[in-house]
Amino acid sequence: MDGTNDDRIRRLDDWDTDGLTALAEEFETPLYVIDLERVSENCNRLRDAFPEAEVRYAVKAHTGRSVLETVRRAGLDAECASAGEVERALAAGFRGDSLHYTAVNPPARDLDAVVSAWDDHPDITVTVGAADTLDRLDERGFDGRVCLRVNPGIGAGHHEKVRTGGHAKFGVPLSRAPETAIDAARRFDLVGLHAHAGSGISGADLADHRELVGRMGELARTVAEELSVEGLPGLEYVDVGGGFGVPYREEEPPLDLNAVAAATRDALGTVPGRDGDAARLAIEPGRYVVADAGVLLTRVNTVKPTPDTTIVGVDAGMTDLIRPALYDAYHPIANLSANLSQEAIPATVAGPICESADVFCDNRPLTRPERGDVLAVGIAGAYGYEMASQYNSRPRPAEVAVDGSDLSDSRPVRHRETVEDLTRVERPIEPLEDHE
Ligand SMILES: Cc1ncc(COP(=O)(O)O)c(C=O)c1O
Ligand SMILES: N[C@@H](CCCC[NH3+])C(=O)O
């Protein structure tokens, strides 16, 4: 670690245009491309900025097996939001002591599965955001490692729908946290305290982040003192969540990760921990690890001039990348096939789904698109494939992995679904011949 952190993001310009076009030819579109070397680099950037911390990858950003294996090899732990994610992380080789399951109103099926996984992997940690969840774990005979999720009363993030910190759904209210923590410590092995502000935190949110971490530091010192009075084991860590943003717009400055790390350290202060050690800092970023490692490729099938704009119809839609429809999120878009001498026109890039929200951008300059052109939608590695659906009976796209800037060496890591994949779960109610 050299004390510096290259905070540049990988932009569409940094990808090899011919290489991406060749991938679209070979594997067809819509197609996700994921650069595993960039995933590793992003893990290293986080570890360099937070050398003292436990860094846990929030698996929900991209659960692809290739990504999970890459993150594990880069030495990060895994933070899982469901029993399904726990199962996938275990299958990708994460050990129990690197697995953290964050239980939010957990369905019984999830708790049963995680408690059963705990039988084989007793070092799994369950992060609990309600006293009810503690009781439900108890009822299942679980007496392992728990972490208490606290609602810090502060939310942050790129859109109101992703600000979790202030939402009552998440975590035990700060005022109730000390008593709930002591109750948890009497019944389980209470190893940590946790809070998460939200997703897509930018430099402008640094004051909120600092306030959240400060509150967690104060709470952790109160809890540590009460644990010590009761003769209970101290805390191993304080987890201040993830949410580190990446600049999707060209003009947005990148997050200064070193400044965030310094502010985090400063605001947390020292928390007495276990066996005479201080409690460690933990963070759980998802987006930062994978966002700029992924691109979505899509092909133009329609160019329709209208009085207000030119509609550029493409074969990817909100079913492949829902972020623009759901959060009005901005993703850079480039026409890979365009001759650079051609002029840019205001274009509205729209997909094939029967929803007016199925639009990637409105009236944005795009080098004159023609039918058959390949467009790249950038910074699509986080919450892209992961939030894809099969609405309108659209099978989910394929994904290929590459390693670094040479795109000639690619391998498919997710096959393109077929309609048969969609209907496999269905059973007819009557044989078709009865209709004849
Ligand atoms: C509990 C928790 N941890 C970590 C994350 C990861 O967030 P991000 O991908 O923004 O880093 C989330 C998502 O907001 C979350 O809910
Ligand atoms: N899905 C959101 C992030 C939410 C993270 C989970 N709490 C996004 O695409 O920005």
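Around ligand 1 there are 18 residues, and the closest of them are Ala58, Ser199, Gly242, Gly286 and Arg287. The model is predicted. Its protein chain is divided into domain 1, residues 37–289, and domain 2, residues 292–423. A second ligand, ligand 2, has Ser199 in its surroundings as well.

**Ligand surroundings**

- The shell around ligand 1 consists of six nonpolar, nine polar and three charged residues.
- Ligand 2 is surrounded by Lys60, Val162, Thr164, Ser199, Gly200, Arg323, Tyr327 and Tyr383.
- By class, the shell around ligand 2 has three nonpolar, three polar and two charged residues.
- Both domains take part in the shell around ligand 2, with at least three residues drawn from each of domain 1 and domain 2.

**The two domains and their contact**

- The centres of domain 1 and domain 2, taken over C-alpha atoms, are separated by 33 Å.
- In the contact, domain 1 is represented by 20 residues and domain 2 by 19 residues.
- Two helices, α2 (36–49) and α3 (65–73), each supply at least two residues of the side of domain 1 that touches domain 2.
- Of the elements on that side, α2 gives the most, with four residues.
- The side of domain 1 that touches domain 2 is made up of four nonpolar, eight polar and eight charged residues.

**Helix α5**

- Helix α5 covers residues 108–120, which is 13 residues; at 1.5 Å a residue it should span 18 Å, and its end C-alpha atoms are 19 Å apart, in agreement with that figure.
- Leu111, Val114 and Trp118 are the buried residues of α5.
- These buried residues lie on the same side of α5, because they cover an arc of only 70 degrees around the axis.
- Turned away from the buried side is a face of α5 with the exposed residues Ala108, Arg109, Ser116, Asp119 and Asp120.
- The cover over the buried residues of α5 includes two helices, α4 (83–91) and α6 (131–139), and two strands, β4 (99–103) and β5 (125–128).

**Backbone details in loops**

- The peptide bond from Thr29 to Pro30 is cis, and its omega is near -5 degrees.
- Pro30 belongs to the loop between α1 (17–27) and β1 (31–35).
- Asn105 has a phi near 40 degrees, a positive value in a residue other than glycine.
- The loop that holds Asn105 runs between β4 and α5.
- Is Asn105 buried or exposed? Asn105 is exposed, because 11 other C-beta atoms lie within 10 Å, and a residue counts as exposed at 12 or fewer.
- Ser393 also has a positive phi, near 50 degrees, in a residue other than glycine.
- The position of Ser393 is in the loop between β16 (374–377) and β17 (398–402).
- Ser393 is exposed, since it has 9 other C-beta atoms within 10 Å, again under the limit of 12 or fewer.

Definitions and conventions. Residues numbered from 1 in each chain as written. Chains lettered and ligands numbered in written order. Predicted model: local features only at pLDDT ≥ 70, side-chain atom pairs only at ≥ 80, totals over all residues. Domains from an automatic or database assignment. Contact = placed C-beta atoms within 7 Å. Nonpolar A, V, L, I, M, F, W, Y, C, P; charged D, E, K, R; others polar. Near = placed C-beta within 6 Å. Expected span 1.5 Å × (residues − 1). Buried ≥ 20, exposed ≤ 12 C-beta atoms within 10 Å, placed from the backbone. Arc of directions from axis to C-beta.
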